[in-house]
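Got a fold to pick apart, with its strands, its cysteines and its hollow? Let's go through it in questions and answers.

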Amino acid sequence: LPDLVAGNNGLNSRIKASATQPAKLYVDDFDKNGQTECIPAYYKTDGKLYPWFLKGELESQLPMMKKKFLHFNDYAGKTINEVLTPEQLQHAATLTVTECRSAVFINQGKAGFRLQPLPMMAQLAPVFAAIATDINHDGNMDLFMAGNFYGLKPQAGRWDASYGVTLLGDGSGQFSYLPPLQSGLLVKGEARDIKMLASANADSLLLVAVNNAPLQVFSRNKRPQNTRRD
């Protein structure tokens with residue numbers, strides 16, 4: 001099997017996840033109305049698990065919470081264990097997330113895959129598209145990744161810190177960040193797909209599809225200079 005490139009949510013959000021403090025999603029028909037509700041929760045810096053929803057958002061899922069928390073200050077600061085009862089938590093199916101970083105999985109044969117997180121500049125926004133190609137013509141596979149996501153709740157804001165991420169590979173699974181000024185690759189908006197295309201004159205074209213925007217096309221130089229940074 002080949003190595004794998006895994007785009008993920010990144011680290012630039014309020015939702016952090018680890019093996020000891022995973023993000024969680026509780027799934028159940030909590031109010032027994034025949035419809036399944038999903039209640040996300042995440043750990044804050046105080047080490048406690050809190051619901052992601054604001055009061056109004058929770059009540060839209062569970063109207064019974066209007067009586068449990070009459071006022072906004074009644075709901076503010078409540079942990080998930082104070083919002084849902086022990087019985088509700090125990091009965092609900094619980095889905096967990098322990099890793100938010102975008103990464104590569106290096107195939108080590110019979111030893112399986114080794115997780116190699118990508119540099120911090122690849123963790124600033126969600127990654128929805130990636131391509132492996134030799135960007136600087138040194139014989140090693142490099143990566144170009146793009147993403148962003150705008151459709152979030154007001155309390156989260158936009159996840160829009162990525163302008164495309166160029167990562168130069170060293171052949172061993174390690175990657176170093178190359179800024180857009182040096183790579184020539186800069187993408188704005190919600191990128192959703194990346195493809196390589198050979199043009200009629202044999203130049204390599206990199207195509208990036210962006211939501212609600214024209215297709216972006218980048219042409220690779222025929223005689224590139226060495227862009228690798230020490």
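For what follows, Ala, Val, Leu, Ile, Met, Phe, Trp, Tyr, Cys and Pro count as nonpolar, Asp, Glu, Lys and Arg as charged, and the others, Gly among them, as polar. This is a predicted model, where local features need pLDDT of at least 70 and side-chain atom pairs count only at pLDDT 80 or more, while totals for chains, interfaces and linings use all residues. Residues are numbered from 1 along each chain as its sequence is written, and side-chain values use heavy atoms, with hydrogens and water left out.

Q: How do the residues lining the largest cavity divide into nonpolar, polar and charged?
A: A cavity here is a set of points on a 1 Å grid over the protein atoms alone where a 1.4 Å probe fits but cannot get out, and lining residues have an atom within 4 Å of a point. The lining includes Met121, Leu124, Met145, Gly147 and Ser162. Sorted by class, that lining comes to nine nonpolar, two polar and no charged.

Q: Which strand gives the largest share of that lining?
A: Strands are DSSP runs of E, at least two residues long, numbered from the N terminus. Three lining residues come from one such run, residues 142–147, and this largest share belongs to strand S9.

Q: How many disulfides does the structure hold?
A: A disulfide is a pair of cysteine sulfur atoms within 2.5 Å. The sulfur of Cys100 is 18 Å from the closest cysteine sulfur, in Cys38, so that is too far for a bond. The disulfide count is zero.

Q: Is Cys100 buried or exposed?
A: Buried means under 20% relative accessible area, exposed over 50%, and partly exposed in between (1.4 Å probe, protein chains only). Cys38 has 32%, which makes it partly exposed. Cys100 has a relative accessible area of 6%, so Cys100 is buried.

Q: Which residue in S4 stands opposite Ala41?
A: Two strands pair if DSSP finds at least two bridges between them. S3 runs antiparallel to strand S4 (residues 49–51), joined by three bridges. The two form a hairpin with five residues between them, and Gly47 in the turn has a positive phi of about 80°. Opposite Ala41 in S4 stands Pro51.

Q: Which strands stand at the edges of the S12-S13-S14 sheet?
A: This open sheet has three strands with antiparallel pairing, in the order S12-S13-S14. Two of them have a single partner strand each, so one side of each is left without a neighbour in the sheet: S12 (191–198) and S14 (216–219).

Note on methods. Helix = DSSP H or I, 4+ residues; strand = E, 2+ residues; numbered from the N terminus. 1 Å grid on protein atoms, 1.4 Å probe; cavity = no way out; pocket = protein on both sides within 12 Å on 5 of 7 lines; lining within 4 Å.
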